[in-house]
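Trainee: I'm new to this one and keep tripping over the labels. Could we go through them and check what earns each name?
Mentor: Sure, let's have a look at it together.

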Amino acid sequence: MSNVTRKRNFTKRACALCASVFVLGGLAACSSTPVAAPTPYKASTTKGGYGYSSEKISGNTYQVRFKATDKTPADLVQQYALHRAAEIAQQEGFTFLAVQKTNVDKKPVLAREIVATNDKPVVLPNDKQCTMSGCDNVAQPMAGATSNDVVKTQINNIYYTITIEMANSPNELQKNALSVSELLAKPLKPKN
């Protein structure tokens, strides 16, 4: 193998390594930016993550939080928090719960959003550079907008918090008592 071929192979590997480091770094940066899309029913995997989390306040009182984007319908966010409260009550062996307090906060945040267009993507020809030792593809100019572009947009994070009390008799919770089994039987979907 000639020195020129070795240098060319080394350069290709070095460029590939640099490109993969750049892509991985870009993906890591993007993963911390929220996506401007509805939040599904799920557990929050980090302290500030999207989804539900809860904290026990006393023996039969919990605080349930659901963090969502404002792309999630408000009634669905409330259903998610109440459904999670019913799951906790069931796990703790209670058959009824009552919402004692609710709170909603909104905070603006920059998010990623995929914008779809009907334009066909631009196809650029491959450029070749030929020498006595063969031909290689060389860099081509970057295409403009594609059919799906990721843009930054401002959304609001919604923080919905409920404080619930649980019991085994509706009489212990007054007129606010809700059946845990009925809450868990309801499908989680937005109201029309």
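Mentor: Let's begin with rings: those of Phe, Tyr and Trp pair if their centres lie within 6.5 Å, and planes under 30 degrees apart count as stacked, over 60 as edge-to-face and the rest as tilted. Here Tyr-41, Tyr-52, Phe-66 and Tyr-80 form one aromatic cluster. Keep in mind that this is a predicted model.

Trainee: How many aromatic pairs does that rule give?
Mentor: The count is three. One of them joins Tyr-41 and Tyr-80, with 5.4 Å between the centres and 55 degrees between the planes.

Trainee: Why is the pair of Tyr-41 and Tyr-80 called tilted?
Mentor: The 5.4 Å falls within 6.5 Å, so the rings pair, and 55 degrees is neither under 30 nor over 60, so the label is tilted. This pair also links distant parts of the chain: Tyr-41 is in the loop between helix H1 and strand S1, while Tyr-80 is in helix H2, 39 residues apart.

Trainee: What makes Tyr-80 buried and Tyr-41 partly exposed?
Mentor: Buried means under 20% relative accessible area, and Tyr-80 has 7%, so it qualifies. Tyr-41 has 24%, which is not under 20% and not over 50%, so it counts as partly exposed.

Trainee: And what about Phe-66 and Tyr-80, how do you know that this pair is tilted?
Mentor: Their centres are 4.9 Å apart and their planes are at 50 degrees, which again is neither under 30 nor over 60, so tilted it is. Phe-66 lies in strand S2 and Tyr-80 in helix H2, so the pair ties together parts 14 residues apart in sequence. Phe-66 is buried too, at 1%.

Trainee: What makes you say that a charge sits over the ring of Tyr-50?
Mentor: The charged end of Lys-67 is 4.6 Å from the ring centre. The distance limit is 6 Å, and the charge must also be within 35 degrees of the ring normal. Lys-107 does likewise over the ring of Tyr-159, at 5.2 Å from the centre.

Trainee: Why do Arg-65 and Glu-55 count as a salt bridge?
Mentor: Their N to O distance is 3.8 Å, and the limit is 4 Å, so they count. Arg-65 is in strand S2 and Glu-55 in strand S1, 10 residues apart. Arg-65 is partly exposed at 28%, and so is Glu-55 at 42%.

Trainee: How many salt bridges are there?
Mentor: Two. Arg-84 and Glu-87 form one of them, with their closest N and O atoms 3.0 Å apart. These residues are three apart in helix H2, which means about one helical turn separates them. Both are buried.

Trainee: What makes Gln-174 stand out?
Mentor: Gln-174 has a positive phi of about 70 degrees although it is not a glycine. Most residues other than glycine have a negative phi. Gln-174 is in the loop between strand S6 and strand S7, and at 60% relative accessibility it is over the 50% mark, so it counts as exposed.

Trainee: How confident is the predictor over the protein chain?
Mentor: The pLDDT averages 79, and 69% of the residues score at least 70. Over residues 14-31, though, the pLDDT is below 50, and beyond near neighbours in sequence this stretch has one contact in the model.

Conventions
Residues are numbered from 1 along each chain as its sequence is written. This is a predicted model: local features need pLDDT of at least 70, side-chain atom pairs count only at pLDDT 80 or more; totals for chains, interfaces and linings use all residues. Side-chain values use heavy atoms; hydrogens and water are left out. Rings of Phe, Tyr and Trp (its six-membered ring) pair if their centres lie within 6.5 Å; planes under 30 degrees apart count as stacked, over 60 as edge-to-face and the rest as tilted. Helices (H or I, at least four residues) and strands (E, at least two) are DSSP runs, numbered from the N terminus. Buried means under 20% relative accessible area, exposed over 50%, partly exposed in between (1.4 Å probe, protein chains only). pLDDT is the predictor's confidence in each residue, from 0 to 100. Contact means heavy atoms within 4.5 Å. A salt bridge is a side-chain nitrogen of Lys or Arg within 4 Å of a carboxyl oxygen of Asp or Glu.
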